[in-house]
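This report goes through the pockets, cavities, salt bridges and backbone outliers of one protein model. The structure comes first, and the text follows.

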Amino acid sequence: MVIFCACGHREEVWRQRLTGSRRKYYIRNYFAFSDRRKKVNIIETRKLSKTYRRVLKGEGLRGSIRSLVKREYEIKEAVKELDLVVEEGEFVGLIGPNGAGKTTLTKMLTGIIAPTAGEISVMGFYPNDLKNDFKRQYAIVMGQKSQLFFELTTNDTLRLFQEIYGLSEHVFQETKAYFAELFQVEELLDVQVRNLSLGERMKMELMAALLHNPRILFLDEPTIGLDAIASGQIRKFLWKVNRENGTTVILTSHYMEDIRALCDRSVVISHGTKIYDGGTEDLFEKYQKERQVSVSFSHPAVQPDLPAEAVILEDGAYKKIIRIPKEKSGELLERLMKYHPRDITVEEEEIGRVVERIYTENR
C-alpha cells in the first residue's frame, strides 16, 4: 500500500510494517492525519499576560492579626506580553528555569486559568470558555501528576475515558489495540497501576491521554525520574505520535536530551518573557558553550593535566567533575584517557545556565 501525504512526502506503509490494529488505526485516521499536516496555526497568542496578586503576611501571631486588619499585596507577573504562534503538527520545546512562567502559559493554553490581558486562540477557541468541543481536542500529561487511578487497572481507567469522551466501542478497541502494540504493553493492561514501574506507568499515562486522538498534546516533564532506557522509549513513542498522527506536541522539559531529540523548534521563557523562538539546533549551537565531564577512577588518581580553560567543580580522589568549553572537550578527553579512567560521562550544559546566557545577551 502506498500513501501520499498532504505534506508532499511519499510514504510506503507495507503490511509487514503496519499490521493488525496499527494498520487499521492508521488507515481509518489517515485523512484526519493528512489534514493536520496542513500549515494551519493551531495556537496563537498576542501580548498574552498573567498577573497574580499575592497576600503578604508577617511572621507569627502578630503578623497574622495585622494581615486580617490591613492586608498587603504584591503583584507577580507570571507571563508578560507573550506572542506565540504554533502551526498544526509542530513539535515545540518550551524551555526555561523554574518559575519562568512555563506552567502558567500551559494552564492558559488549556483553559485551566484565564489570562489577565492579551489575546489567545487555541484551535479557534478561547480556552477558558472550557467548551466541550475544545476539551475533547487536547490532552495534557504531567510527569509529577497522574490521571490514572492507582487501585484500578489501566483497562478500567481507559473504559472510564471512553465514557467521558463518548467513543464508540469499535473506535475504542481499535485505538487501544494500536497504542498497546505501539507501546508494547499488551500484557500490562490488566495490572493495577500501583504495581507498575515508573516507566510503565508513563506509557499508560500517554495511552490514556491519546485515547481520544487529540489534536494537541501538552507534556510537562514526561521523562522525569525515568532511567535512560525508559526515557529513550518514551521519546521514540512521542516521535511516532507526532509524525504518524500529526499530533501537535508542546513539550516542557529540563532535560536537554528530550528537547534536542524531539523538537525542531524551541521557545525559551525567562521571568515570564519570551527571549528566544527558533530552531533547537541553532539555540544550542549559539548559546550552549560548555560541557560537563564526569570522570571516575578505580584507584586514587593524581591531579590530571587539564587544559587551561577547564574548571574543576568536584575534586575527589576517585571522581572528578570538570566544566570545559565545547571546543576544548575533545582535548580534555584525550588528556583524561592517559590516566586510564574507569568511566567518563559527557553532559550538555544545564538549561539554567543556557537560559541565563540568553537572557543576559538579549537584555
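How many nonpolar, polar and charged residues does the lining of the second largest pocket have, by class? The lining has five nonpolar, four polar and 13 charged residues. Here Ala, Val, Leu, Ile, Met, Phe, Trp, Tyr, Cys and Pro count as nonpolar, Asp, Glu, Lys and Arg as charged, and the others, Gly among them, as polar.

The model is predicted: local features need pLDDT of at least 70 and side-chain atom pairs count only at pLDDT 80 or more, while totals for chains, interfaces and linings use all residues. Residues are numbered from 1 along each chain as its sequence is written, and side-chain values use heavy atoms, with hydrogens and water left out.

**Pocket and cavity**

The second largest pocket holds about 580 Å³ of space. Both pockets and cavities are found on a 1 Å grid over the protein atoms alone: a cavity is a set of points where a 1.4 Å probe fits but cannot get out, a pocket is an open set with protein on both sides within 12 Å along at least five of seven lines, and lining residues have an atom within 4 Å of a point. Grid points are joined across faces, edges and corners, and a volume is the space filled by probe spheres set on the points.

Of the 22 residues that line the second largest pocket, Tyr255, Met256, Glu257, Glu347 and Glu348 lie nearest its centre. Two or more lining residues come from each of helix 9 (228-245), helix 10 (256-262), strand 12 (290-296), strand 15 (343-348) and helix 13 (351-361). Helix 10 gives the most, with four residues. Helices (H or I, at least four residues) and strands (E, at least two) are DSSP runs, numbered from the N terminus.

The whole structure has one cavity of 30 Å³ or more, and the volume of the largest cavity is about 60 Å³. Its lining consists of Thr103, Thr106, Ile140, Met142, Phe218, Leu219, Asp220, Ile250 and Thr252. Strand 8 (216-220) is among the elements that supply at least two of these residues, and its three residues are the largest share. By class, the lining of this cavity has five nonpolar, three polar and one charged residues.

**Salt bridges**

A search of the whole structure finds 17 salt bridges, each being a side-chain nitrogen of Lys or Arg within 4 Å of a carboxyl oxygen of Asp or Glu. Three of them are listed here.

| Pair | N to O distance |
|---|---|
| Arg265 and Glu90 | 3.0 Å |
| Arg323 and Glu290 | 3.4 Å |
| Arg335 and Glu331 | 2.7 Å |

Arg265 lies in strand 10 and Glu90 in the loop between strand 4 (72-87) and strand 5 (91-95), so this salt bridge ties together parts that are 175 residues apart in sequence. Arg265 is buried at 13% relative accessibility, where buried means under 20% relative accessible area, exposed over 50% and partly exposed in between (1.4 Å probe, protein chains only). Arg265 and Glu90 also belong to a network of salt bridges with Lys274 and Asp277.

In the pair Arg323 and Glu290, Arg323 is partly exposed at 22%, whereas Glu290 is buried at 18%. Arg335 and Glu331 are four residues apart in helix 12 (residues 329-337), which means a separation of about one helical turn. Both are partly exposed, Arg335 with a relative accessible area of 22% and Glu331 at 27% relative accessibility.

**Backbone and burial**

Most residues other than glycine have a negative phi. Met123 has a positive phi of about 55° although it is not a glycine; Met123 sits in the loop between strand 6 (117-122) and helix 5 (132-135) and is buried at 10%. Glu221 likewise has a positive phi, of about 50°. Glu221 is placed in the loop between strand 8 and helix 9, and its 8% relative accessibility counts as buried.

Gly272, in the loop between strand 10 (265-270) and strand 11 (273-279), is buried with a relative accessible area of 0%. Gly272 and Ser49 are 223 residues apart in sequence, yet their C-alpha atoms are 8.4 Å apart in space.
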